[in-house]
Amino acid sequence: MLPVWIRPWLLAALLCYCIFGVYWYLMVGYAQGWHEDERQTLASTLVEPMAWDSLEATAAGDDALISVESRGRDPEAEACASDGACRSRCHAEGQVAAGPDRPVLNCLVSLPPTDKSEAEQRVDRLMRQRHPLGLSYLLRSDGRKVTAVARLQGEIQAMRCGTEGRCYLLAKLPDVDDRSVFVSDDFGHHWRLAAQGVLERAYVPRIVGIDGDRVWVDGFKRLYLSSDGGRHWRVLADDERLLTYRPELMSGSLTHDKNTDHFDWYRDDTGMLHAVAGGRYQSTPDSVMLQVDADSGEIVSATKYDGGFSYIENGPGGQLFGIYRSNRRERDTLYRIRGGELQPIRVGGHQPLRTLVANDHWLLLDVGQNDGEHRSLSRDGGQTWQAMDTIRVRDRDVFDPTGAGLLRFGYTDRSEYFPYYWIRP
């Protein structure tokens with residue numbers, strides 16, 4: 001027989017154990033694992049060393065287009081970049097068909113004339129030799145197989161496709177000042193040159209949205225708009241005008257810092273543009289969101305928040321979702337951002353919402369459980385959530401924007417072909 005005095009303590013310990021067991025079953029034991037597919041191998045060699053941390057992907061209809069950079073040398077691509085013989089292999093009507101033969105997109109570009117002296121040109125060549133642009137690959141994934149379909153001597157700086165098949169690719173090319181714009185009308189199967197020497201101050205451009213011939217690009221301290229398929233560009237809005245719209249809403253550090261790009265741009269499913277100051281790397285205790293008309297650039301409204309938006313992504317149906325972190329403790333919230341309204345989707349409570357991955361099929365949250373890497377998946381725009389096991393994202397990984405899962409590249413073996421496989425939710 002147990003002593004009478006120990007029985008309450010034993011019952012209390014048993015109750016705590018039962019509560020912990022139920023919690024573990026619901027939050028961890030019930031979590032669904034990730035399914036790992038069989039490994040496959042690229043059919044084309046990629047010139048090493050590869051910069052796998054440069055992996056970027058965009059949805060292109062049912063497929064995904066993926067770009068990755070190489071620091072290696074490709075004599076054919078270099079020849080094409082110098083107005084070489086590859087131009088004769090460009091398809092009719094100024095188009096290049098992307099496919100397994102990996103054409104070189106540079107063959108669409110003619111080097112612009114220069115009025116520099118021979119000495120100045122020698123200096124330019126010397127500088128390019130010291131800081132050469134690398135080689136970029138364009139890959140296509142159908143959710144099962146990955147194929148290398150095109151090369152570019154230079155840097156693919158931004159790429160995105162609309163829902164109707166129009167894709168834009170922004171690149172920095174050798175011997176061509178500023179950005180070059182390539183356009184596809186069939187989800188990246190054929191490419192043509194739209195413009196070169198444009199987007200002068202878009203140092204690290206990001207395509208915000210696409211609506212046929214209209215495309216919006218977030219550049220340094222300004223938002224650009226092209227209304228004719230990327231041929232001509234104009235500044236739709238800039239930091240100076242945004243900061244002076246409602247100066248009482250802006251923190252002093254924003255208005256006094258003239259060298260920082262303060263605003264990140266997004267476009268929601270209504271077509272409204274959102275300029276957000278104070279986000280993931282905010283140096284201010286609060287943030288400001290401005291709603292901007294996508295055609296005129298007119299500022300519609302501005303709202304100040306006691307906290308910051310750490311992640312903002314386009315999800316199912318082009319809807320805009322963002323993780324908002326209040327300055328108060330334990331107040332992380334996932335919102336749907338639409339027009340000038342914020343609709344709460346999920347409140348983090350005691351578990352901070354750390355990262356957000358979104359595509360047209362699901363939302364994936366890091367809910368900060370245990371080691372900070374436990375994840376939660378929603379396939380219905382945030383109405384219901386499914387606990388997922390931990391998955392670690394590495395430099396050689398990219399989330400497939402079509403919802404196929406995490407695409408992971410491995411190291412080459414003696415065959416010199418890169419292996420890959422999907423980890424599917």
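User: Which loop holds arginine 102 in this predicted model?
Analyst: Arginine 102 sits outside the regular elements named on either side of it, strand E5 (95–97) and helix H3 (118–130). The model is predicted. The place asked for is the loop between strand E5 and helix H3.

User: Is arginine 102 buried or exposed?
Analyst: Buried means under 20% relative accessible area. Arginine 102 has a relative accessible area of 16%, so the residue counts as buried.

User: What is phi of arginine 102?
Analyst: Arginine 102 is a residue other than glycine, yet its phi is positive. The value is near 55°.

User: Where does leucine 199 lie, and what is its relative accessible area?
Analyst: Leucine 199 is in the loop between strand E11 (190–198) and strand E12 (206–211). Its phi is positive, near 55°. The cut-off for buried is under 20%. Leucine 199 is therefore buried, with a relative accessible area of 4%.

User: Which peptide bond is cis?
Analyst: Omega is near 5° at a bond that leads into proline 49. Proline 49 lies in the loop between strand E2 (40–41) and strand E3 (50–60). The cis bond runs from glutamate 48 to proline 49.

User: How many helices and strands does the protein have, and what share of its residues is buried?
Analyst: The secondary structure comes to five helices and 30 strands. The protein has 425 residues. The buried share is 49%.

User: What share of contacts between residues at least 6 apart joins residues at least 24 apart?
Analyst: The count takes contacts in the protein between residues at least 6 apart in sequence. Of these, the share joining residues at least 24 apart is 47%.

User: Which residues touch the most other members of the largest nonpolar core, and which strand gives the most to it?
Analyst: The largest nonpolar core has 46 residues. Phe182, Trp191 and Phe409 touch the most other members. Five residues come from the strand that gives the most, strand E7 (residues 146–153).

User: How many residues are in the second core?
Analyst: The second core is separate. Its members include Val208, Leu223, Ala237 and Leu273. The count is 21 residues.

User: Is threonine 147 in strand E7 buried, partly exposed or exposed?
Analyst: Threonine 147 is found in strand E7. Its contacts beyond four places in sequence are Leu42, Pro100, Leu138, Leu139 and Arg140. Partly exposed covers the range between 20% and 50%. At 23% relative accessibility, threonine 147 therefore counts as partly exposed.

User: What distance separates the C-alpha atoms of threonine 147 and serine 44?
Analyst: The two residues are 103 residues apart along the chain. Their C-alpha atoms are separated by 7.6 Å.

User: Which strand holds glutamate 313, and what is its relative accessibility?
Analyst: Glutamate 313 is in strand E20 (residues 307–314). Not counting residues up to four places away in sequence, it touches Gln319, Leu320, Phe321, Leu356 and Ala358. Glutamate 313 counts as partly exposed because its relative accessibility is 28%.

User: How much space lies in the largest cavity, and what classes of residue line it?
Analyst: The structure holds one cavity of 30 Å³ or more. About 50 Å³ of space lies in the largest cavity. Its lining includes Cys80, Asn106, Leu173 and Pro174. By class, the lining has seven nonpolar, one polar and no charged residues.

Technical notes:
Residues numbered from 1 in each chain as written. Predicted model: local features only at pLDDT ≥ 70, side-chain atom pairs only at ≥ 80, totals over all residues. Heavy atoms only, no water. Helix = DSSP H or I, 4+ residues; strand = E, 2+ residues; numbered from the N terminus. Buried < 20%, exposed > 50% of the residue type's maximum accessible area, 1.4 Å probe, protein only. Contact = heavy atoms within 4.5 Å. Core = buried A, V, L, I, M, F, W, Y, C linked by side-chain atoms within 4.5 Å. 1 Å grid on protein atoms, 1.4 Å probe; cavity = no way out; pocket = protein on both sides within 12 Å on 5 of 7 lines; lining within 4 Å. Points joined across faces, edges and corners; volume = space filled by probe spheres on them. Nonpolar A, V, L, I, M, F, W, Y, C, P; charged D, E, K, R; others polar.
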